[in-house]
Amino acid sequence: RRYRQLYERSRDGYVRTDFDGVILECNPPFAAMMGYDNPQEIVGLACQKLTPPQRFDSISKAMRKQLMTRGFSDKFEKQLFRKDGSLLDVEVRMYLHQNAHGQPDSIWTFVQDITDRKLAEQERLRAQKLESLGLLAGGIAHDFNNILTGILGHISLIKHAAKIGAPVTDRLDHVEKACLRAQELTRQLLTFAKGGAPIKKTGSLQDLIR
């Protein structure tokens, strides 16, 4: 009675299949998480039809190899098709079921709904991306500020030189170089924004440090 209550009232799913992956029985929580009204609706379905094809083969082969070698598998994350066609994120682990003679006759699969965990992971990744973007924006602002400071400084010196008739060509060269650096910075930023590959080229480490 205790184990029956555990089986029927658990928040997680328990599914028993034959070695061809056909569902022989499951508990009510598994049927509910899959969108079915009762376990009888899901008995007889093939696990392959409940799993997106792009991941079924790789996960099944890995789990079967571990299962037949040691009697249980590692935990694997996968997705299942619910009754309405939507995808459910789950974590599964398989165990060999033995008959009264101690011979393996079917497979028990423990199924845990990890939808909330996946949502929390997505939120954490989103927060990390926002933090990274903040650092990027701060670095860009700092670089642009340095360039603009140089431009404004040389413009001020050019104005002063013009008043006293001093040559300004050298100052204008510095302003032009600063504008070209700003243009290069903008081009790199646009490449990043569009998801392009990083721009790589050989350069002098001494010049970079200087």
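Axes here are lines fitted to C-alpha atoms, for helices over the stretch in contact, and angles run from 0 to 180 degrees between N-to-C directions. Keep that in mind for the views below, which all come from a predicted model.

**View 1. Helix 5 and helix 6 run roughly antiparallel.** The axes of helix 5 (residues 115–164) and helix 6 (residues 169–193) come within 8 Å and cross at roughly 165°. Angles over 145 degrees count as roughly antiparallel, so that is what we call helix 5 relative to helix 6. The crossing of helix 5 past helix 6 is left-handed.

**View 2. A closer look at where helix 5 meets helix 6.** On the helix 5 side you'll find, among others, L133, L136, I140, F144 and I147. Helix 6 brings residues including L172, V175, A178, L185 and F192. Sorted by type, the residues of this contact come out as 16 nonpolar, three polar and three charged.

**View 3. The open sheet, strand by strand.** Five strands line up in the order 2-1-5-4-3, with antiparallel pairing. Strand 2 (23–26) and strand 3 (76–81) sit at the edges, each pairing on one side only. From one strand to the next, the twist averages 35°.

**View 4. Strand 3 alongside strand 4, with helix 5 packed on the sheet.** Strand 3 and strand 4 (residues 87–98) run antiparallel and are joined by six bridges. Pick out E77 and you'll find its bridge partner in strand 4, E91. Helix 5 touches strand 3, strand 4 and strand 5 (104–113) as it packs on the sheet. The direction of helix 5 makes about 135° with that of strand 4.

Key:
Residues are numbered from 1 along each chain as its sequence is written. This is a predicted model: local features need pLDDT of at least 70, side-chain atom pairs count only at pLDDT 80 or more; totals for chains, interfaces and linings use all residues. Side-chain values use heavy atoms; hydrogens and water are left out. Two strands pair if DSSP finds at least two bridges between them. Helices (H or I, at least four residues) and strands (E, at least two) are DSSP runs, numbered from the N terminus. Contact means heavy atoms within 4.5 Å. Angles under 35 degrees count as roughly parallel, over 145 as roughly antiparallel, 65 to 115 as roughly perpendicular and the rest as oblique. A crossing is left-handed if the near helix is turned anticlockwise from the far one by less than a right angle, and right-handed if clockwise. Ala, Val, Leu, Ile, Met, Phe, Trp, Tyr, Cys and Pro count as nonpolar, Asp, Glu, Lys and Arg as charged, and the others, Gly among them, as polar.
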